[in-house]
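Open the structure in your viewer and keep the sequence panel beside it. The stops below say what to select and what is there.

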Amino acid sequence: MQIGEVAERTGLSLRTIRYYEEVGLVVPSDRSQGGFRLYAEPDVDRLQVIKRMKPLGFQLEEMRELLALLETHSATDDRDQHLDRLAAFHAAAEERCEELRAQLRIAEEFAGALRAYLPGD
């Protein structure tokens with residue numbers, strides 16, 4: 001599929017997808033004869049993982065490492081080290097989710113406080 005379809009399926013902009021290609025997080029599976037980027041289903045899956053990592057504050061190098069871990073999950077020689085790294089990423093994601101929940105609670109409290117100033121409440 002071409003980049004436009006990938007953008008539509010992932011909810012990412014064309015610019016964002018091109019940026020992720022530029023920094024090496026995703027590489028189109030192929031190019032058409034006209035030079036257009038062509039993506040396969042695994043490329044879309046990879047972009048979905050990146051999209052989920054971004055709001056959790058993962059840096060590009062961390063994204064690159066986690067994507068590599070996920071791709072080699074079943075084919076690794078050092079399974080214990082591999083699982084330790086995955087566990088570390090999981091813990092970091094859980095911690096960041098809790099931080100985001102706390103921020104959301106504060107934001108909801110603020111919105112509720114503002115609502116008290118509106119007529120009818």
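What percentage of the 121 residues of the protein count as buried? The share is 24%. Bear in mind throughout that this is a predicted model.

**The whole chain**

Start with everything selected and a cartoon drawn. The secondary structure comprises five helices and two strands. Read from the N terminus, the order of these elements is α-α-β-β-α-α-α.

Now rotate the view. Along the principal axes, the C-alpha atoms occupy a box of roughly 60 × 45 × 20 Å. The radius of gyration of the protein is 19 Å, while a compact globule of 121 residues would have one near 14 Å.

Switch on the surface. About 8500 Å² of the protein is accessible, and carbon and sulfur atoms account for 54% of that area. If you colour by charge, you will be looking at 16 positive and 23 negative charges, whose mean positions lie 5 Å apart. A contact map adds one more figure: among contacts between residues at least 6 apart in sequence, 44% join residues at least 24 apart.

**Stop 1: Thr10**

Select Thr10, which belongs to helix H1 (residues 3–10). Is Thr10 buried or exposed? Its relative accessible area is 1%, so Thr10 is buried. Show the residues around the side chain and backbone: leaving out those up to four places away in sequence, Thr10 touches Ile17, Val44, Leu47, Gln48 and Lys51.

**Stop 2: Val27**

Move on to Val27, in the loop that runs between helix H2 (14–22) and strand S1 (30–31). Val27 has a relative accessible area of 55%, and because the cut-off for exposed is over 50%, Val27 is exposed. Ile17, already met as a contact of Thr10, is ten residues from Val27 in sequence. Draw a distance between their C-alpha atoms and the viewer should give 9.6 Å.

**Stop 3: Arg46**

Next select Arg46 in helix H3, which spans residues 41–53. Why does Arg46 count as buried? Its relative accessibility is 16%, and buried means under 20%. Which residues is Arg46 in contact with, once its neighbours within four places in sequence are left aside? They are Gly24, Leu25, Val26, Leu67 and Glu71.

**Stop 4: Thr72**

Go to Thr72, found in the loop between helix H4 (60–71) and helix H5 (79–115). With a relative accessible area of 37%, Thr72 is partly exposed. Show its side chain and look for the backbone oxygen of Ala68, which the side chain of Thr72 reaches at 3.0 Å. Then add His82, ten residues away from Thr72 along the chain; the two C-alpha atoms are 8.9 Å apart.

**Stop 5: Ala93**

Finish at Ala93, a residue of helix H5. Ala93 has 18% relative accessibility and therefore counts as buried. What does Ala93 touch, not counting residues up to four places away in sequence? The answer is Leu56 and Phe58. For a last distance, add Ser32, which is 61 residues from Ala93 along the chain. Between the C-alpha atoms of Ala93 and Ser32 there are 37 Å.

Terms used: Residues numbered from 1 in each chain as written. Predicted model: local features only at pLDDT ≥ 70, side-chain atom pairs only at ≥ 80, totals over all residues. Heavy atoms only, no water. Helix = DSSP H or I, 4+ residues; strand = E, 2+ residues; numbered from the N terminus. Buried < 20%, exposed > 50% of the residue type's maximum accessible area, 1.4 Å probe, protein only. Contact = heavy atoms within 4.5 Å. Polar contact = N/O pair within 3.5 Å; in protein donor to acceptor, adjacent residues only side chain to side chain. Rg over C-alpha atoms; globule rule 2.2 N^0.38 Å. Areas by Shrake-Rupley, 256 points an atom, 1.4 Å probe, with all protein chains shown as cover. Lys, Arg positive; Asp, Glu negative; His and termini not counted. Charge placed at Lys NZ, Arg CZ, Asp CG, Glu CD.
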